[in-house]
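Ready to practise reading charged pairs off a model? Grab the sequence and the 3D view, and work through the exercises below.

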Amino acid sequence: MLWRCLTISSKELQINEEIRDKEVRVIDADGSQLGVMSVAQALEKAAASNLDLVKIAPQATPPVCKIIDYGKYRFEQAKREKEARKNQRVVDVKEIRLSLNIDTHDFNTKVGHATRFLKDGDKVKVSIRFRGREMGHPEHGYEIMKRFAEALEEIANVEKAAKLEGRNMLMFLACKPVK
């Protein structure tokens, strides 16, 4: 007997003679059920129609096998996965560093950068690093963070509020969902 897809192997699906069960439920290429039969009979039916026997539901009792063109099935599956990856977007986290004694123009420049990042669909991590005696006045940091969040409130939600972690104060902003 000559098997067409002998060289194609798959970790998740068993095909043709890889199926070791005694009895299987067989579904034809057009979707009609052929019933429960031995693997040898199922392989004969698949060979008669010049297609492959593929175990699609190994957890069922008895396991379900389908008579399909395995090469075409793998191609269509790869095409679906590629399409799903194409529609997927990875969200980056961009960091903006502020300081306690930031001036108005510098502050507005940082707000502009954050706006651009948020419009691109990225999340923004805003951080303030406290140095030396600045650690004695964390309330100034909270004020700056609050002002920054208010400046961006039309396009961004505060995902994680300002919190002091060691010498750093962090806040995360995410773009508001489009309505």
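Let's start with a residue to find: Glu83 is partly exposed (between 20% buried-below and 50% exposed-above cut-offs for relative accessible area, 1.4 Å probe, protein chains only), since its relative accessible area is 40%. This is a predicted model, where local features need pLDDT of at least 70, side-chain atom pairs count only at pLDDT 80 or more, and totals for chains, interfaces and linings use all residues. Residues are numbered from 1 along each chain as its sequence is written, and side-chain values use heavy atoms, with hydrogens and water left out.**Exercise 1.** Find the salt bridge partner of Glu83 and say where the two residues lie.

*Step 1.* A salt bridge needs a side-chain nitrogen of Lys or Arg within 4 Å of a carboxyl oxygen of Asp or Glu. Lys86 fits with Glu83, as their closest N and O atoms are 3.6 Å apart.
*Step 2.* Both sit in helix H2 (residues 70-86), 3 residues apart, about one turn of the helix. Helices (H or I, at least four residues) and strands (E, at least two) are DSSP runs, numbered from the N terminus.
*Step 3.* Lys86 is exposed, at 59% relative accessibility.

**Exercise 2.** Which parts of the chain does the pair Lys123 and Glu159 link?

*Step 1.* The closest N and O atoms of this salt bridge are 3.1 Å apart.
*Step 2.* Lys123 is in strand E7 (residues 123-129) and Glu159 in strand E8 (residues 156-165), so the pair links distant parts of the chain, 36 residues apart.
*Step 3.* Lys123 is partly exposed at 28%, and Glu159 is partly exposed at 45%.
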